[in-house]
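This report goes through one chain, starting from a single residue and moving out to the helices, strands and loops. Please keep the sequence and structure at hand while reading.

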Amino acid sequence: MPISSSVRRKASDVSGRSDFSPLASPEQYMAVALDEARLAAARGEVPIGAVLVDSEGQIIAQNGNRTIELCDPGAHAEMLVLRQAGRLRGNYRLLRTTLYVTLEPCVMCAGALVHARVSRLVYGAVDPKGGGVVSLFQVGKDTRLNHLLAVEGGLMAAESASLLKDFFRQRRGGVGKVKREK
Ligand SMILES: [Zn+2]
């Protein structure tokens, strides 16, 4: 799995310690997710990144969108991270975890977060056209489902939105590959 090794190493330095980790600020986890989003853009994928963190503050899994690479409509960053974490834990239920993702999850991913029993979701930018937790649907807050999700949004939203904006602007400009301008 293409885990960004430098970030992963940085994160695991503080893992396994019971005292409060200095890395454990939401901004730092979101920065890891943003790095994954940038890596996704470099692969020609929509720049969205996600990180799953356990209750000790350790990063369990991190990834970015890979729908094109894997020819898989389900290969959103969040889904890849949940699958990876499930395999690592040997359990599809990812209790006491927090998912950090650069963009508000879609309905599929929000549903998967409920299935995985993730405790908390922290996202960056809102997605008014496809968001499944606040914008179009409120999957994590729907009491008809058997699991509720604590949802916080807007963390480093400007950075996340500008990655997406740049990516789509470049796409519209007919730039198929990552290309250095001037
Ligand atoms: Zn999704």
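## R83 and its surroundings

In this predicted model, R83 belongs to helix α4, which spans residues 77-89. R83 has 17 other C-beta atoms within 10 Å, so it counts as partly exposed, since the buried class begins at 20 such atoms and the exposed class ends at 12.

R83 can also be placed relative to A116: the C-alpha atoms of the two residues lie 9.5 Å apart in space, with a sequence separation of 33 residues.

## Overall layout

The chain contains 6 helices and 5 strands. Their order along the sequence is α-α-β-β-α-α-β-α-β-β-α.

Of the 182 residues in the chain, 36% are buried. Counting contacts between residues at least 6 apart in sequence, 58% connect residues at least 24 apart.

## Helices α2 and α6

Helix α2 covers residues 26-42 and helix α6 covers residues 157-172; the two pack with their axes 11 Å apart and at an angle of about 5°. The two helices are therefore roughly parallel to each other, because angles under 35 degrees fall in that class.

On the α2 side, the residues of this contact are L34, A37, R38 and A41, and they meet E159, S160, L163 and F167 of α6. Sorted by class, the contact has 5 nonpolar, 1 polar and 2 charged residues.

## Helix α5

Helix α5 runs over residues 107-115, and C109, A110, A112 and L113 are buried in it. Viewed down the axis of α5, these buried residues fall within an arc of 160°, so they line one face of the helix. The elements that cover them include α4, β3 (97-103) and β4 (120-125). Helix α4 is also the one that holds R83.

Just after α5, R117 has a positive phi of about 60°.

## Strand β1 and its partners

How much of strand β1 is buried? In this strand, residues 49-54, 5 of the 6 residues are buried, so β1 is largely enclosed by the rest of the structure.

Strand β1 pairs with β2 (residues 59-64) through 5 bridges, and the two run antiparallel. One of the pairs in question is G49 with its bridge partner G64 in β2. The hairpin of β1 and β2 has 4 residues between the strands, and G57 in this hairpin takes a positive phi near 90°.

Strand β1 is also joined to β3 by 5 bridges, again in an antiparallel arrangement. Here L52 has L99 of β3 as its bridge partner. Strand β3 thus appears both beside β1 and among the elements that cover the buried residues of α5.

## Positive phi in two loops

Most residues other than glycine have a negative phi. R96 is not a glycine, yet its phi is positive, at about 55°. R96 sits in the loop between α4 and β3. With 12 other C-beta atoms within 10 Å, R96 is exposed.

M156, also not a glycine, has a positive phi of about 50°. M156 is located in the loop between β5 (150-152) and α6. Is M156 buried, exposed or partly exposed? M156 has 19 C-beta neighbours inside 10 Å and so counts as partly exposed, because a residue needs 20 or more to be buried.

Terms used:
Residues numbered from 1 in each chain as written. Predicted model: local features only at pLDDT ≥ 70, side-chain atom pairs only at ≥ 80, totals over all residues. Contact = placed C-beta atoms within 7 Å. Axes fitted to C-alpha atoms, helices over the stretch in contact; angles between N-to-C directions. Parallel < 35°, antiparallel > 145°, perpendicular 65-115°, else oblique. Nonpolar A, V, L, I, M, F, W, Y, C, P; charged D, E, K, R; others polar. Arc of directions from axis to C-beta. Pairing = 2+ DSSP bridges.
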